[in-house]
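Me: Here is a structure I want to go through. I will ask how its labels are earned.

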Amino acid sequence: MSVRVGKTDRASSFPVAAKAALRNDQLRRNVRNATDIIRAKRALRIDEMPDWEQLRQAASDIKMHTLAHLDYYLEQFERNCEQAGGKVHWARDADEANTIAAALIKQYSGDQPAEVIKVKTMTSDEIQMNVALEHAGIRAYETDLADMIVQMSSDEPSHIVVPALHKNRFEVREIFREQMGLVDLGDQPADLTDAARSYLREKFLRIKIGISGANFAIAETGSVCVVESEGNGRMCVTMPNVLISLIGIEKVIPTFQDLEVFLQLLPRSATGERMNPYNSFWAGVEPGDGPTAFHIILLDNGRTALLKDERERETLDCIRCGACLNACPVYRETGGHAYGSIYSGPIGAILSPQLQSLEHSRSLPYASTLCGACYEVCPVKINIPEILIHLRGKIVREEQATLRGSLSAECLAMRAMGTIFLSHRRYESAQRLARLGQKIFERNGQLTNLPGLAGAWTEFRDLRPLPKQSFRDWWKTRVEAAVSSEEAS
Amino acid sequence: MRIALFVACYNDTLFPETGIAVTRVLERLGHTIEFPIEQTCCGQMHHNTGYQKDAVPLVRRFVSIFRDAEIVCVPSASCVAMIREHYELIAQQEHDPDFAREVRNLLPRIFEFSELLVERLGVDDVGATFPHSVTYHPSCHSLRMLNVGDGPYRLLRQVRKLELVDLPNQDQCCGFGGTFAIKNADVSAAMLSEKNREVLETGAAVITALDNSCLMQIYGGLHRQGSSVRAMHLAEILSSSEVDR
Amino acid sequence: MSLPLTAREEILARIRAALPDLKVPVETSHASITRSYGRCSSLDRGGCLQLFIDRLIDYDTKVIELTDETELPAAVQQALQDAGEDRLLVPSGPLQTLAPENVNVYVDHGLTTPELDRAQAVLTTCEAAVASTGTIFLVHGGDQGRRALTLLPDHHICIVCRDQVYGSLPEALAAIRSQSARLITSISGPSATSDIEMVRIRGVHGPRRLTVLLYGDL
Ligand code: SF4
């Protein structure tokens, strides 16, 4: 099986990639600015909601219920969708999904040039669908403004909701100027948006095959829901003759009425709007309105491996609102690219390493201070810090199972500390030893240049040396003093 | 009341003044402090870094040392978070019902220092005097896991001659995060420099918190920058009196 | 010899292998989910309608308030006039009678895409609306038009009857539940993007202008 999450095969580990990102001041300013704005808007909208916590709880309960009966709901969804005229395909992994999509597009294109219009789908980025389609000779046009910016500049998304938030208006103008041949293009966001509108209008009216993802797949009705703002989603699901929707198996929800929970949580969490401009719902095909052929690809790509363990399963509750990214102090420093996966921020740090087991993603569960800001904002209450700790445990167990891993500096240090803490006498001698050992590193009353792992501390910060007397030393002298004063009297 | 002190290993070794301050404040309020000398570490560092197997004996050790205590006072919010959030789960995973029962019985008796004062003992005024400007950093564990709320502010507001200055964006993490500070030192430092820019903006002479770990990070950065702002655990401010000055 | 599993069989098998057998029937378990959030708005009719209007205006929607149906033709005319438009698209059926005389009317008896694209405005009714979010639900077909109608023109003029306005989203979804398998679009303000520096820009690919004609009894 080839599970893939974006172009991760070339990614460096998080600390290495983050270091590079930290040097890019423009990127950091753009990320900071954008996340500040969304956070402020989100906070405003959530203040309006007296029942926010109850909605979060219900969302979490509905998701956990659905995942616990995932086979039932997928089959129900499939049945209803096909009854309404859709065709459901199943894909074990990225390659299988891409193969199905490419074959369908080829088939429907006949002898015409194969072209598709796409509405933002993270899932298609996950399986690198555009790359696969290109190999198959199919031209794919992203139609979400931000995705278009990313695609035109051969970049990677840096946020799951606002993929181009790392680019400012001047950078976008340069990309559009070059790619659309517009020499006189202004740099106001309105100018840039207008340019995108005229550029894409022709594509929407001409191209006969559309590709979408889904925010929700409703089992009860067999219908699909796409949540969006620009109208490109409506275009892609309405104007073409053929529509292909790529849907992760975790996107299914039981009933239409369940949307009353998710559609209150998602827009407020994602963009700080009470409701996003458009939600489209459709089941199968409808004569006289929209595509005459509708295909769904239900994608596993590693998801089923998360079902067994309840902690891990929680990861699949995610509705991709991006609130955890905006809240995360680590993401806000580095932006999304440092995560080496199209899923960045806290959700990326738990999702990518579970979907695939590449070397770089093993650093992701450590890309967090466990500050809990992600859990606090998550509309479906995914306890991300707990999942991070759980994944760290898995990684350590795997490391310890290898000779090299079990002899790593960290592993040895941790084991030594563990042993020291098991006896207070050993611990006390260790305290004394450390006090002696630190002498050679002391400069002007501070430790400024420690060796080994601790060197990463003193590279950026000073450290006060261990005081002469530990607390327990103080306590002992105090007890002794009390005893001897008692004896004296 | 007899209060057992779990001082936390890093406080014991690096910040003895915090334990001393806790002892003084509580004794001043008429309580008797006990310090079980066998105590070492609650297991947090091992557990949160992924060495969960190595944390288990430390958890068992902690429970056996403190199981009979009337009240346990812990001047470290992150250790309390470790105990409250993880001990029960660890006990469950050990499939040891006696151990699980002991944990369940012990948990309600564990208090973070400010919680103990405000929530358990109902005190906001501990009779302290501290003639300096102070800003308070709500550490992530105290803020989001313990939900200590305004307890620390209530305590600080009662301190005579203390000028309390608000820290902007106070709910932002300082970048410490245990082994994160080492494994992701660059990002940790970037987060820290933002935190410290804000600390310096307040003009306060002292930064305080319920966790010396965060304070060690904040102070380490400030000192490296040549700033003279001091970092003090809340207990140290509350133990100050006119006489000391 | 057994055949290799299909992707469908394999994925379902993986799911079943991972999940424990649950004793409670699915429906019972779904029904037992606690829903302690607010399902009904606490506002009275007047407050609810006022909130709807406020929310629409807040999201750049123009609202024309009418007392009864007879005022609709004049309101349509005004909406077009204010926008400087004279090419109006209408679904075939009763709405045709609301089209002003001095404009070019395109009746959708199956117009081609280029024809639809030539219209400047479109007139439809709706199925339900939500006050708290300023949202309009279209269940496509009939007077609400097929989907392309309300997508290609730059201006959507939507007739909303006051008794179609619900306080909360749960109430509105419950009201359209029986049609939930049909083509549905929810609309909250004109199309918009904040993709460039988080500056909200109105009008990307969907209609740039949305006008609501609100009529009917309180
Ligand atoms: S984990 Fe939660 S906050 Fe993060 S994107 Fe998913 S739903 Fe949103």
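What follows is a short exchange on labels and their cut-offs.

Reply: This is a predicted model: local features need pLDDT of at least 70, side-chain atom pairs count only at pLDDT 80 or more, and totals for chains, interfaces and linings use all residues. Residues are numbered from 1 along each chain as its sequence is written, chains are lettered from A and ligands numbered from 1 in the order written, and side-chain values use heavy atoms, without hydrogens and water.

Me: Why is the contact of A:Arg206 and A:Glu202 called a salt bridge?

Reply: A salt bridge needs a side-chain nitrogen of Lys or Arg within 4 Å of a carboxyl oxygen of Asp or Glu. Here N to O is 2.4 Å, so the pair meets the definition. Both residues lie in helix H10 (residues 189-206) of chain A, four residues apart.

Me: Why is A:Arg206 called partly exposed?

Reply: Buried means under 20% relative accessible area, exposed over 50%, and partly exposed in between (1.4 Å probe, protein chains only). A:Arg206 has 38%, so it falls in between. A:Glu202, at 37%, is also partly exposed.

Me: What makes B:Arg60 and B:Asp96 a salt bridge?

Reply: Their N to O distance is 3.1 Å, so the cut-off is met. The pair links distant parts of the chain, 36 residues apart.

Me: How do you know that B:Asp96 is not buried but partly exposed?

Reply: Its relative accessible area is 21%, so B:Asp96 misses the buried class. B:Arg60 counts as partly exposed at 30%.

Key: Helix = DSSP H or I, 4+ residues; strand = E, 2+ residues; numbered from the N terminus.
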